[in-house]
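Here is a short report on a protein and DNA assembly. Please look at the structure first, then read on.

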There are 2 protein chains.
Amino acid sequence: MSDTQIARDVARKAKRIFPLMGRVMEAQMRVPTIPVPPVHFHVLNRVDVQPHTLTELAEVMSVSAASLSRTITVLEERGWVSRERSDEDRRVVKINITQDGHQILADMETRTEDFLTQTLAHLSQDDLDKLMDGLDILIGAFSDQMSHVPSDTNT
Amino acid sequence: MSDTQIARDVARKAKRIFPLMGRVMEAQMRVPTIPVPPVHFHVLNRVDVQPHTLTELAEVMSVSAASLSRTITVLEERGWVSRERSDEDRRVVKINITQDGHQILADMETRTEDFLTQTLAHLSQDDLDKLMDGLDILIGAFSDQMSHVPSDTNT
DNA sequence: GTCGTTAATTAGGAGTGCTAAATATTAACA
DNA sequence: TGTTAATATTTAGCACTCCTAATTAACGAC
């Protein structure tokens, strides 16, 4: 009956559905001419808002800086992002999105959105409203997680 | 104004949150001694309910049978699943979970659940209820993609 | 100037994603 | 019966991500 118990029930349910949805969406991103791995999508999404340093990006997406560095290289070769050495601190690199990158991102978003829209289309209006509420709550709950990633990083 | 428009709004929101959550959960699964890629988790989840053929599994998780075949080999080497040639049709292979596989799955589920529970713990009771409703609706909408999952009765 | 820290990269190994081609087995049929 | 087509799985080669460990470059303090 405790709040914690309810949170656990929700967690149990969430645990079942999220990985599945993640995989379904990933499959959507693999269909186009050029398959786009989830990490590419995520990077593009971030840098589309504003440039980020490599370290920032790696932390946000829970991968090592080394892995991301190589990923950025691939993204750069495709012409979707560019590296820019910082002037204030010449050790850091800023990742920017390019015109092409922006375009690719928009395409992917449209495709994913179309797919989800179709899947949700036969829900009742009432269900859609409730789902919207749930998503908002979820986004709120994860807003911390979005910028701070729990690792055994010190404190 | 149309239902479709509302579905699209929901889709837009869902598209933003799910990939992120997927990645956060993946990161959770990478922390243990033996990193478990999402696809392993997914396979284990399926075969824990009942044995499946390789083709069935590949279809459900939206990857090619070839990719999955190799993945199954890795899982087999780790001793988490076993292959069993079918007697009715000797072309097909049935994938079964082992004791160790079941144990690993349980560990992962616990870890993921703990993590989600913590993340959701500070939500109000009302929000948790709404979130639960949203998840149920979502599971319903994706039930095609989930084929067997709703079999987990207990409401 | 030298030392320690920090940002990014490179190198090597493991594993997944794909397509195309190979191997078995089953089904269809003249 | 023997041949051919279809189906289930596997193997092989390429692209790419994930990791850790080690390296390079730049910054800050002394």
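Ser62(B) sits in the loop between H3 and H4 of chain B. The model is predicted, and the phi of Ser62(B) in it is near 55 degrees. That is a positive value in a residue other than glycine. Most residues other than glycine have a negative phi. Ser62(A) has its place in the loop between H3 and H4 of chain A. Phi of Ser62(A) is near 60 degrees, again positive.

Buried or partly exposed? The burial classes of the two serines rest on counts of C-beta atoms within 10 Å. Ser62(A) has 20 others in that range, so Ser62(A) is buried. A residue needs 20 or more to be called buried. Ser62(B) has 16, so Ser62(B) is partly exposed.

| Residue | Phi | Other C-beta atoms within 10 Å | Class |
|---|---|---|---|
| Ser62(A) | near 60 degrees | 20 | buried |
| Ser62(B) | near 55 degrees | 16 | partly exposed |

**The two chains**

How is chain B related to chain A? A rotation of 180 degrees superposes chain B on chain A, with 0.0 Å of shift along the axis. The RMSD of that fit is 0.1 Å. The two copies are thus related as by a two-fold rotation axis.

The contact between the chains takes 53 residues from chain B and 53 residues from chain A. On the chain B side, five helices each supply at least two residues. They are H1 (3–30), H2 (38–49), H5 (99–120), H6 (125–141) and H7 (143–146). H1(B) gives the most, with 22 residues. By class, the side of chain B that touches chain A has 31 nonpolar, 10 polar and 12 charged residues. Of the interface residues of chain B, 98% are also interface residues in chain A, so the copies meet through the same surface.

**The DNA strands**

Which residues come nearest to DNA strand D? There are 27 residues around strand D, and Ala66(A), Ser67(A), Arg90(A), Thr55(B) and Ala66(B) come nearest. Both chains give helices to this surface. From chain A, H2 (38–49) and H4 (65–77) give two or more residues each. From chain B, H3 (54–60) and H4 (65–77) do so. H4(A) gives the most to the surface near strand D, with six residues. The residues of this surface divide into 12 nonpolar, seven polar and eight charged.

DNA strand C has 28 residues around it. Those that come nearest are Thr55(A), Ala66(A), Ser64(B), Ala66(B) and Ser67(B). Here H3 (54–60) and H4 of chain A each supply at least two residues, as do H2 and H4 of chain B. The surface near strand C has 12 nonpolar, eight polar and eight charged residues.

**A glycine in H5**

Gly101(B) lies in helix H5 of chain B. Gly101(B) has 23 C-beta neighbours inside 10 Å and therefore counts as buried. What does Gly101(B) contact, leaving aside its neighbours within four places in sequence? The partners are Leu44(B), Trp80(B) and Val81(B). Arg12(B) is 89 residues from Gly101(B) in sequence. In space, the C-alpha atoms of Gly101(B) and Arg12(B) are 37 Å apart.

How values were computed: Residues are numbered from 1 along each chain as its sequence is written. Chains are lettered from A and ligands numbered from 1 in the order in which they are written. This is a predicted model: local features need pLDDT of at least 70, side-chain atom pairs count only at pLDDT 80 or more; totals for chains, interfaces and linings use all residues. Copies are superposed by least squares on the C-alpha atoms of residues with pLDDT of at least 70 in both. Two residues are in contact if their C-beta atoms, placed from the backbone, lie within 7 Å. Helices (H or I, at least four residues) and strands (E, at least two) are DSSP runs, numbered from the N terminus. Ala, Val, Leu, Ile, Met, Phe, Trp, Tyr, Cys and Pro count as nonpolar, Asp, Glu, Lys and Arg as charged, and the others, Gly among them, as polar. A residue is near a molecule or strand if its C-beta atom, placed from the backbone, lies within 6 Å of it. A residue is buried if 20 or more other C-beta atoms lie within 10 Å of its own, exposed if 12 or fewer, and partly exposed in between; C-beta atoms are placed from the backbone.
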